[in-house]
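Biologist: Got a minute? I'd like to walk through this structure with you.
Modeller: Sure, let's pull it up.

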Amino acid sequence: MDSYLQDLGYKRSLSEYTLYTKKVAGSIVVISLYVDDILVTGNDCKQINQLKHDLMQTFEMTDLGVMTYFLGMEIKQSPGEIFICQKKYLKEILRRFRMEECKSVGTPMNQKEKLQKEDGAEPTDNATYRSLVGCLMYLTATRPDIQYTVSVLLRFLHCASELHMKAAKRVLRYLKGTSSYGIKFTKSERFKLYGYSDSDWAGSVEDMKSTTSYCFAMGSVCFSWCSKKQDIVALSTAEAEFIAATAAANHAIWLRKLLTDLGFTVGETELNVDNQAALAISQNHVFHGKTKHFKVKFYYLREVQKSGEIKLVYCSTENQYADIFTKPFQVDRFEWLRKQIGVCSSI
């Protein structure tokens, strides 16, 4: 398939090997491959129809028309908006784990709960726990509101207890009450890539490692997000925030390359950080006592700012949308953050 598409004049993206583009006189056709599934889009219907004709002449395939279902994701397209969810997949999960009639809750994780390996609870069936968490992990493709909780549950795949299973089933109870939710992308005049970076210092009670989180949007709502425990122990909030901002900047560079391949003109990318100390460190090129222990790789953040690709800007903690990927919240705050990242009901 790769050689065939390149023979047709399509260029393979160096940033994403499953992405191909063909640009001719202001028009563009985009192809995304996943094993034997192909998505085709663009602004030139004639080129798209020609591509489909060529593919069907060479390979055995079927044209399914406008995309409505892909890899477990449901896509509803209407003028000015696209809604993506996994409602059908969620119903299958609830049925599989016998949670169809469960009582719903307002948040995916108890705010006061601190999960750890040695919790004194009875061990649970690891195979069932892994299966459940694996299903939840796939749901994060359209449900970023459960991303943090799932990332925490993934830490206990080899030592799951009844408390961990209870926490995983709480996510199902939350999803039961929000089964119609997904991400709604709407038409926007603003086409600028921007992001939010945050961390929760020493959030892990076992090894005192912090959580890196970030999300990116371009236009209406977030389309890329992450919540991950950091590899090293940060000695201060500023260091944890600096590490998170570096990871976010790396991801932003990759997104910028991807958007360039898709034909966008990408200007400076703003990365919102709610820690003044981390901002000062990223802009101060002098090593001093409080930062000399930082690993050299983290100072890459200074280089991308100097090049003009990324710009770190301060935002208040109240307006830090990436906060939802760092820790659990009470219902009111959680629902507000959920709305800001674009998760809503299709109704």
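Biologist: Quick one to start. Is Glu270 buried, partly exposed or exposed?
Modeller: Glu270 is partly exposed, and its relative accessible area is 23%. Keep in mind that this is a predicted model.

Biologist: How confident is the prediction, then? What does the pLDDT average for the protein chain?
Modeller: The average pLDDT is 90 for the protein chain. A score of at least 70 is reached by 95% of the residues.

Biologist: And where is confidence lowest in the protein chain?
Modeller: In helix H9, residues 300-307, with a mean of 81. Confidence is highest in helix H5, residues 147-153, at 97.

Biologist: Why should I care about low values?
Modeller: Predicted coordinates should not be read in detail where pLDDT is low.

Biologist: Back to Glu270. Which residue forms a salt bridge with Glu270?
Modeller: Lys192 does. Their closest N and O atoms are 3.7 Å apart.

Biologist: Where do the two sit?
Modeller: Lys192 is in the loop between strand E8 (181-186) and strand E9 (193-200), while Glu270 is in strand E12 (residues 269-273). They are 78 residues apart in sequence, so the pair ties together separate parts of the chain.

Biologist: And how accessible is Lys192, what's the relative area?
Modeller: It is 31% for Lys192, so that residue is partly exposed.

Biologist: How many salt bridges are there in the whole structure?
Modeller: The search finds 8.

Biologist: Which residues are linked in a network of salt bridges?
Modeller: Asp323, Lys327 and Arg333 are. Lys327 and Asp323 meet at 2.7 Å, N to O. Arg333 and Asp323 meet at 3.9 Å, N to O. Arg333 lies in helix H10 (residues 331-340), and Asp323 in the loop between strand E13 (310-314) and H10. Those two are 10 residues apart.

Biologist: Why does Asp323 count as buried?
Modeller: Its relative accessibility is 3%, and buried means under 20%.

Biologist: What about Lys327 and Arg333?
Modeller: Lys327 is partly exposed at 27%. Arg333 is partly exposed too, at 25%.

Biologist: New topic. What does the UniProt annotation say about residues 2-110?
Modeller: The unreviewed entry labels them "domain: Reverse transcriptase Ty1/copia-type". In the model, this stretch is 28% helix and 32% strand. Its end C-alpha atoms are 47 Å apart.

Biologist: I see strands early in the chain. In what order do E1, E2, E3 and E4 form their sheet?
Modeller: The order is E1-E2-E3-E4, in an open sheet with antiparallel pairing. E1 and strand E4 (37-42) are at the edges with a single partner strand each, so one side of each has no neighbour in the sheet.

Biologist: What holds paired strands together in general?
Modeller: Strands of a sheet pair through backbone hydrogen bonds.

Biologist: How many bridges are there between E1 and E2?
Modeller: Strand E1 (residues 11-12) pairs with strand E2 (residues 19-24) over 2 bridges. Arg12 stands opposite Tyr20 there. The hairpin from E1 to E2 passes through 6 residues.

Biologist: And how many join E2 to E3?
Modeller: 6 bridges join E2 to strand E3 (residues 27-34). Lys22 has Val29 as its bridge partner, and Thr21 has Val30.

Biologist: Last one. Which residue takes a positive phi in the hairpin of E2 and E3?
Modeller: Ala25, near 50°. That hairpin has 2 residues between the strands.

Methods: Residues are numbered from 1 along each chain as its sequence is written. This is a predicted model: local features need pLDDT of at least 70, side-chain atom pairs count only at pLDDT 80 or more; totals for chains, interfaces and linings use all residues. Side-chain values use heavy atoms; hydrogens and water are left out. A salt bridge is a side-chain nitrogen of Lys or Arg within 4 Å of a carboxyl oxygen of Asp or Glu. Helices (H or I, at least four residues) and strands (E, at least two) are DSSP runs, numbered from the N terminus. Buried means under 20% relative accessible area, exposed over 50%, partly exposed in between (1.4 Å probe, protein chains only). UniProt positions are given in the numbering used here, feature names are shortened, and annotations may be inferred rather than shown by experiment. Two strands pair if DSSP finds at least two bridges between them. pLDDT is the predictor's confidence in each residue, from 0 to 100.
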